[in-house]
Amino acid sequence: MKYSGFILFFVLILASIAGIIYYLSNRFALFFPSVSFKTWLWGLSGATLLLLTGTIFSFAIQNPVGKLFFMLSVFWITVLLFLLMFVAFLDLVNLGYKISPLLRGIISLTITFLLIIYGAINASVIKVKEISIPISGLTKEITAVHISDLHLGYFWGKKRLDNIVNKIIALNPDVVFNTGDMFDTDAHFDKNSDVLDPLSKLAMPHYFVYGNHDEKAGVEEVIKRMKDAGVIVLQNETAQFGELQIIGLNNMLADENRFDIHANQNMATIKSVMNNLTVNENRPTVVLHHRPGGMEYLNAKKVDLLLTGHTHAGQLFPFILIVKAMYKYNTGLYLYNDLNIYVTAGVGTAAMPVRIGTRSEITFIRLIPKNIKQCS
């Protein structure tokens, strides 16, 4: 059955949410016995159902009410997640060190809300990370800024982008590389939207490839808006910048034998595109792709550097651990044979505007000469 995997995943998610609500209702009936278990169960279930239903409709109807439902839903799911962790943790602690139910309830609620407040503040602060990468064939240093995963939508908008642009201008790079998920939803797609106006302040070339959230928001509209903002959009094609050969790849699978819910199974693959592209293997080459993958096919074409994002480094605990298990190249700088790989943690957030255990970042990259090789 074509969609059996998706249906199973959806059922598991619903079952998990139902289990969380049942467990928390049971615990809070113990913590605060003046409210019965049934009341907690109906209250938590009703709030969750209302917000999730409202969120579904918010994608179809763009208005302030829909936006409010979406934001409340994301906040609510975050609250449930952290309450689950802290209530379960205190249950374990209580096995060895007895704590009164009321105190456990107060501690769980207090830590949950303080942590969410911290996570929201932490996500809003942008860290500038600086790295140096030796590139064979360069005769002089090239400075670049790598950004990814802005997720402009319900939570992030023009003000956030303006802050990012100002930081880029202060760094004064030669070039900007943007590896996608510029938009999270189509919340900024009304005809009067000026959300991308800050990009006009960038005087240096700005290269972009789209990500899976750009596809969900409407990839054709994203591409049009980025081009209108003066950005160079690369779609399975090459460009030249000084001594660099830049290859921009669409969001796709590494090859026909892989599967990923974040890429279209019916599109071309990194393997097929790299085999069909005219690539000068003697030229210093940078590849832009939204997700880390296909390293073997890039290395075979003598690519020097892959810039990518998508993982958010897990964004927040416990997803940090899950993403580390899912992606061998999770965040930071790696080496695959002669191929350098840099995976950024991203400058925005997906869904909940919270980061715990990770930082929002833009990366200032110094591409420095490694040795001289003939470029034609």
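# A tour from strand S10 outward

Select strand S10 and strand S11 (residues 339-343) to begin, and you will find two strands that run antiparallel and are joined by five bridges. Strands here are DSSP runs of E with at least two residues, helices are DSSP runs of H or I with at least four residues, and both are numbered from the N terminus; two strands are said to pair if DSSP finds at least two bridges between them.

The model in the viewer is predicted: local features need pLDDT of at least 70, side-chain atom pairs count only at pLDDT 80 or more, and totals for chains, interfaces and linings use all residues. Residues are numbered from 1 along each chain as its sequence is written, and side-chain values use heavy atoms, with hydrogens and water left out.

**The six-stranded sheet**

Within the first pair of strands, pick leucine 333, which stands opposite tyrosine 342 in S11. Move next to asparagine 337, in the loop between S10 and S11, where phi is positive at about 55° although the residue is not a glycine. Most residues other than glycine have a negative phi, and most peptide bonds are trans. Asparagine 337 counts as exposed, at 54% relative accessibility; the classes used are buried for under 20% relative accessible area, exposed for over 50%, and partly exposed in between, with a 1.4 Å probe and protein chains only.

Now widen the selection to the open sheet of six strands, whose order is S6-S7-S8-S9-S11-S10 and whose pairing is mixed. Its edge strands are strand S6 (237-241) and strand S10 (332-336), each of which pairs on one side only. Direction ignored, neighbouring strands of this sheet are turned by 20° against each other on average, where the axes are lines fitted to C-alpha atoms and angles run from 0 to 180 degrees between N-to-C directions.

At the S6 edge, select strand S7 (residues 244-248) as well: five bridges join it to S6, and the two run antiparallel. Phenylalanine 241 stands opposite leucine 244 in S7. The two strands form a hairpin with two residues between them, and glycine 242 in the turn has a positive phi of about 60°.

**Strand S2 and its partners**

Select strand S2 (residues 142-147), which is mostly covered, six of its six residues being buried. In a regular strand the side chains alternate between the two faces of the sheet. Ile142, Ala144 and His146 are buried on one side of S2, and Thr143, Val145 and Ile147 are buried on the other, so that both faces are covered.

Add strand S12 (residues 360-369), which pairs with S2 in the antiparallel sense over five bridges; there, phenylalanine 364 is the bridge partner of valine 145. Then add strand S3 (residues 175-178), which runs parallel to S2 and is joined to it by four bridges, with phenylalanine 177 of S3 opposite histidine 146.

**The loop after S3**

Follow the chain into the loop between S3 and strand S4 (206-208), where glycine 180 lies. Glycine 180 is buried, with a relative accessible area of 0%. Apart from neighbours within four places in sequence, glycine 180 is in contact (heavy atoms within 4.5 Å) with Ser148, Asp149, Leu150, Phe208, Val209, Tyr210, Gly211, Asp214 and His290. Its C-alpha atom is 5.6 Å from that of histidine 290, although 110 residues separate the two along the chain.

In the same loop between S3 and S4, select aspartate 181, which is buried with a relative accessible area of 1% and has a positive phi of about 55° although it is not a glycine. From glycine 180, step to glutamate 215 in helix H6 (residues 212-228): the two C-alpha atoms are separated by 9.9 Å, and glutamate 215 counts as partly exposed at 26% relative accessibility.

**A cis peptide bond and a surface patch**

Select phenylalanine 317 and proline 318, since the peptide bond from the former to the latter is cis, with omega near 10°. Proline 318 has its place in the loop between strand S9 (305-308) and helix H9 (319-326).

Finally, colour Leu114, Ile117, Ile121 and Val125, which make a nonpolar surface patch of about 370 Å². Valine 125 lies in the loop between helix H4 (101-124) and strand S1 (126-135), and it is partly exposed, with a relative accessible area of 38%. Patches are made of residues with over 30% relative accessible area and no salt bridge, like charges being joined within 9 Å and nonpolar side chains (Val, Leu, Ile, Met, Phe, Trp, Tyr) within 5 Å. A salt bridge is a side-chain nitrogen of Lys or Arg within 4 Å of a carboxyl oxygen of Asp or Glu, and accessible areas come from the Shrake-Rupley method with a 1.4 Å probe, only the protein chains shown counting as cover for residues.
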